[in-house]
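Here's a walk through a protein model for someone meeting it for the first time. Have a look at the picture, then read on.

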Amino acid sequence: MKRLLYFLLTILFISLWSSCRKDFEFSPSKGNLEFSKDTVYLDTIFTNIGSSTYNLKVYNRSDDNIFIPSVKLGLGETSAYRLSVDGIPGKVFENVELLAKDSLFIFIETTIDINNLPNPNGTYLYTDKIEFDSGTNQQNVDLVTLVKDAIFIYPNRNNTTKVIETLTLNIAGEQLETELQGRELLPNELTFTNEIPYVIYGFATVPEGETLTIEAGTRIHFHENSGIIVSNNASLHVNGSFSTDQEILENEVIFEGDRLEPQFSDVPGQWGTIWLVDGSLNNIINYATIKNALVGILSDGNPNPTSDKLTISNTQIYNSGGFGILGRNTSIKGENVVINNAGQSAFAGTFGGTYNMTHSTIANYWNNGFRQLPALLLNNFILDEENTATITDLTQANFNNCIIYGNDNPEILLDEIEDNAVNFNFKFTNCLIRFEDNNNTFTGPNYDFSDTNHYQDNIFNKDPHFKDGFSNKMIIGEESSGIGRGASLFATQVPFDILSVNRTSTPDIGAYQHITFPEED
């Protein structure tokens, strides 16, 4: 009986073992793989800057376990593409197993030196393919990348220690050692042209007494923790002009990060800032787009110069991780300025100063997390490390024919530390403002909207009717409450809106004259 039982158990074990072996037997693929896409576009990259990681999914729809005899790049080991198949990096793979009704991921990256390519002429379309199997069973997935040439500005590196150069800044005549990586621009680098893009690593500094001139149509891209610094007695002149094509903005100067893939197009905080340090002067920005910085523009000092420290016009600032414009005891004149989507305030005039904004749209539809501050912040103090306040004059802050709005409420904060020896002067005239204080939190004379010394002919809590505030489409439509409500006095000072439309006859509030939005399908 025991022998019979042993015999039956042995037969059962062999049967089960054979069945398992059958389940995991693999036969060669027959050219019937399916793919999540037939072409992988690795979008646009700069020469010698690595791409994002892209993926391709490979499906075995059959009932059989298979192995793919070979998976390889068409250009083999010479290809500029890199693959990872089931977590294993390489460019050629053999006998890749794939279970029945299963799939595998292939991850693809590239870094391309345009100088190694024939006749780049500023851009080059680099292609290869992933080959699955060979002969009559071969299947291909194409790989495509547009490579752009650029002028690269890097900080210097010590040949001996390999330490990257950090900056010593002249701020209001005082030398300050910093930990910021970067270097001063050379004399032949003080004019940026529109021939090919610029890519800046670290902070490119305009030397004392010099001017960085940026021509219309120039594209400037910044790596992480990078930006432009304008030092003592130096200036920045951004000479953009109106673009007839509002999609490509051919004549605007565009400042953004160095990741060109579409998924990075609206990601905040990819680079540092344009910093106008205390002592820089006569900075002019016209027809620019500044996007995806930590702080779009940081302007320090010079609160009462003979001419404004920063004159900014016809400019858009979007997707700032902190502030769109942050002024610290400085002077800024703005016309046709559009600011939206900032992690803190779109516009902050802090530690006093002088601010005059006309026909501007200061909005904040930030939806990347909680923000603590409104679209517009004004205060007259700065706190040190021990939380002690230093107070100074808010000499003037005038907002004329402006929209101040957003997805929070209220969207203005007038944060004054009162001192009889210090001025806190501000005025809103013919503005459309979002301000509801249902809990009676904001009290005091600064929020007395009947005081014509501070508020005159404003509209509160009416819809500006933006096309899409969350997507930075800040033009207003025909249902806007700001239509025809601008003061003619200020419209004659800024007679054309940001799209070069004459506004003098019936001025709308904000940077745009209204349009009729097309019906969507």
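## Two asparagines with an unusual backbone

Asn-302 is partly exposed, with a relative accessible area of 22%. In this predicted model, you'll find Asn-302 in the loop between β26 (293–300) and β27 (310–320). Its phi is near 60 degrees, a positive value in a residue other than glycine. That's worth a second look, because most residues other than glycine have a negative phi.

Asn-440 also has a positive phi, about 55 degrees, and it isn't a glycine either. This one sits in the loop between β38 (432–433) and β39 (455–456). Is Asn-440 buried or exposed? Asn-440 counts as exposed, since its relative accessible area is 56% and the cut-off for exposed is over 50%.

## A cis peptide bond

Go to the loop between β35 (403–406) and β36 (412–415), and you'll meet Pro-410. The peptide bond leading into Pro-410 from Asn-409 is cis, its omega being near 0 degrees. For context, most peptide bonds are trans.

## A hairpin

Strands β13 (residues 166–171) and β14 (residues 174–184) pair up antiparallel, with five bridges between them. If you want to find one pairing by eye, look for Thr-168, whose bridge partner in β14 is Glu-177.

Together β13 and β14 make a hairpin with two residues in between. In that turn, Ala-172 has a positive phi of about 55 degrees.

## An open sheet

Now for a five-strand sheet: it's open, antiparallel, and ordered β2-β4-β9-β6-β7. The edges belong to β2 (34–35) and β7 (88–90); each has a single partner strand, so one side of each is left without a neighbour in the sheet.

Which strand does β7 pair with? Its partner is β6 (residues 81–85), joined to β7 by three bridges and running antiparallel to it. One pairing to look for is Val-85 with Ile-88 in β7.

## The whole chain

Step back and you'll see 42 strands and two helices. The C-alpha trace spans about 110 × 60 × 50 Å along its principal axes. A compact globule of 521 residues would have a radius of gyration near 24 Å, while this chain has 30 Å.

Buried residues account for 49% of the 521. Of the contacts between residues at least 6 apart in sequence, 67% link residues at least 24 apart. The chain exposes about 24,800 Å², with carbon and sulfur atoms supplying 48% of that.

As for charge, there are 66 negative side chains and 31 positive ones. The centres of those two sets lie 12 Å apart.

Definitions and conventions
Residues are numbered from 1 along each chain as its sequence is written. This is a predicted model: local features need pLDDT of at least 70, side-chain atom pairs count only at pLDDT 80 or more; totals for chains, interfaces and linings use all residues. Side-chain values use heavy atoms; hydrogens and water are left out. Helices (H or I, at least four residues) and strands (E, at least two) are DSSP runs, numbered from the N terminus. The radius of gyration is taken over C-alpha atoms; the globule rule is 2.2 Å times the number of residues to the power 0.38. Buried means under 20% relative accessible area, exposed over 50%, partly exposed in between (1.4 Å probe, protein chains only). Contact means heavy atoms within 4.5 Å. Accessible areas come from the Shrake-Rupley method with a 1.4 Å probe; for residues, only the protein chains shown count as cover. Lys and Arg count as positive and Asp and Glu as negative; His and the chain ends are not counted. The place of a charge is taken as NZ of Lys, CZ of Arg, CG of Asp or CD of Glu. Two strands pair if DSSP finds at least two bridges between them.
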